[in-house]
Amino acid sequence: MLCALGAVGTYVVGVLTEPGQRIDVEIFGWAQRLHVGLVGDALPSLARRVLPAVMAIVALGCGFRSLVQGRTRLVVQCLALVVGSTSLCWLLREHVLGRPYYGDQYSYLHNTFPSTHVALVVSLCAAVWLLARPTSRSLSLALALALALVLVVVLALLGNVVGHAHRPSDVLGSLLVVAACALLVRRRDSPPSSGSGRLP
């Protein structure tokens, strides 16, 4: 619920208000300083072409492994997470939400909130985490996977902003939408608490 409210708040403040658009543009300008040299040139392509393909392959591998282990329900939930959250972001951007015009200095006459590219990469990362399901006994493996996925998410966020495809509010909104969907899936997949008070 908090993630969903955060996404709504990001849109209301960062897109609908003139001060929010001004701050969004300032942060956008700061991000462009990363567009220096080969690293900066590679960020947009990495975020919008390479990472979606790589994460899709990794998620497919994890999904196949989970199917072999008999966790079909979780695979279906993760597929719904990826397709549902990405489609939701596209639907919101193209058919539901708008962007008021406050002057040419804020650019982007059309709505770009939220980002479907970010939603796709982030939801794939969430699916990989849920499907890989590191155990507490392999703490180092879980930490390594978490750090790798966080790095992928950060690169996706930066690449879409540095490449002029989206504003910071767009990518933050997508991140929060996917987080809300992923937490919902995780909650449904969790076993009921033994202290729920229900009779066996």
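A nonpolar core is taken here as a set of buried Ala, Val, Leu, Ile, Met, Phe, Trp, Tyr and Cys residues joined through side-chain atoms within 4.5 Å. In this predicted model, the largest such core has 37 residues, and Met-55 and Cys-125 are the ones that touch the most other members. The core draws on much of the chain: helix 2 (18-31), helix 3 (37-68), helix 4 (72-96), helix 5, helix 6 and helix 7 (168-189) each put in at least two residues. Helix 5 hands over the largest share, with 11 residues. As a general matter, nonpolar side chains in soluble globular proteins tend to be buried together.

Met-55 gives a good view of how this works. Setting aside residues up to four places away in sequence, Met-55 touches Leu-124, Cys-125, Val-128, Leu-149 and Val-152. Two of these partners, Leu-149 and Val-152, are buried residues of helix 6. Cys-125, for its part, is the other residue named alongside Met-55 for touching the most core members.

Stepping back to the whole chain, the secondary structure comes to 7 helices and 0 strands, so the run of elements from the N terminus simply reads α-α-α-α-α-α-α. Of the 200 residues, 40% are buried. The exposed surface is about 11300 Å², with carbon and sulfur atoms supplying 71% of that area. Contacts reach far along the sequence: among those between residues at least 6 apart, 79% join residues at least 24 apart.

Helix 6 covers residues 139-162, which makes 24 residues, and spans 34 Å from first C-alpha to last, close to the 34 Å expected at 1.5 Å a residue. Its buried residues are Ala-142, Leu-149, Val-152, Val-153, Ala-156, Leu-157, Gly-159, Asn-160, Val-161 and Val-162. An α-helix has 3.6 residues a turn, so residues three or four places apart point the same way. Just past the end of helix 6, His-164 adopts a positive phi of about 65 degrees.

Helix 5 runs over residues 116-132 and includes Thr-116. Is Thr-116 buried or exposed? Thr-116 counts as buried, because its relative accessibility is 15% and the cut-off for buried is under 20%. Apart from neighbours within four places in sequence, Thr-116 is in contact with Thr-86, Cys-89, Trp-90 and Arg-93.

Aromatic pairing is a short story, as a search of the whole structure turns up 1 aromatic pair. Tyr-11 and Phe-113 make up this pair, which is tilted, at 5.2 Å centre to centre and 40 degrees between the planes. The two residues sit 102 residues apart, so to speak at distant parts of the chain, with Tyr-11 in helix 1 (residues 2-16) and Phe-113 in the loop between helix 4 and helix 5. Tyr-11 and Phe-113 are both buried.

That leaves the cysteines. The count of disulfides comes to 0, and two residues show why. For Cys-3, the closest cysteine sulfur is that of Cys-181, at 9.7 Å, which is too far for a bond, given that a disulfide needs sulfur atoms within 2.5 Å. Cys-78 fares no better, because its closest cysteine sulfur, in Cys-62, is 9.3 Å away and again too far for a bond. Both residues are tucked away from the surface: Cys-3 is buried at a relative accessible area of 18%, and Cys-78 is buried at 2%.

Notes. Residues numbered from 1 in each chain as written. Predicted model: local features only at pLDDT ≥ 70, side-chain atom pairs only at ≥ 80, totals over all residues. Heavy atoms only, no water. Helix = DSSP H or I, 4+ residues; strand = E, 2+ residues; numbered from the N terminus. Buried < 20%, exposed > 50% of the residue type's maximum accessible area, 1.4 Å probe, protein only. Contact = heavy atoms within 4.5 Å. Areas by Shrake-Rupley, 256 points an atom, 1.4 Å probe, with all protein chains shown as cover. Expected span 1.5 Å × (residues − 1). Phe/Tyr/Trp six-rings, centres within 6.5 Å; stacked < 30°, edge-to-face > 60°.
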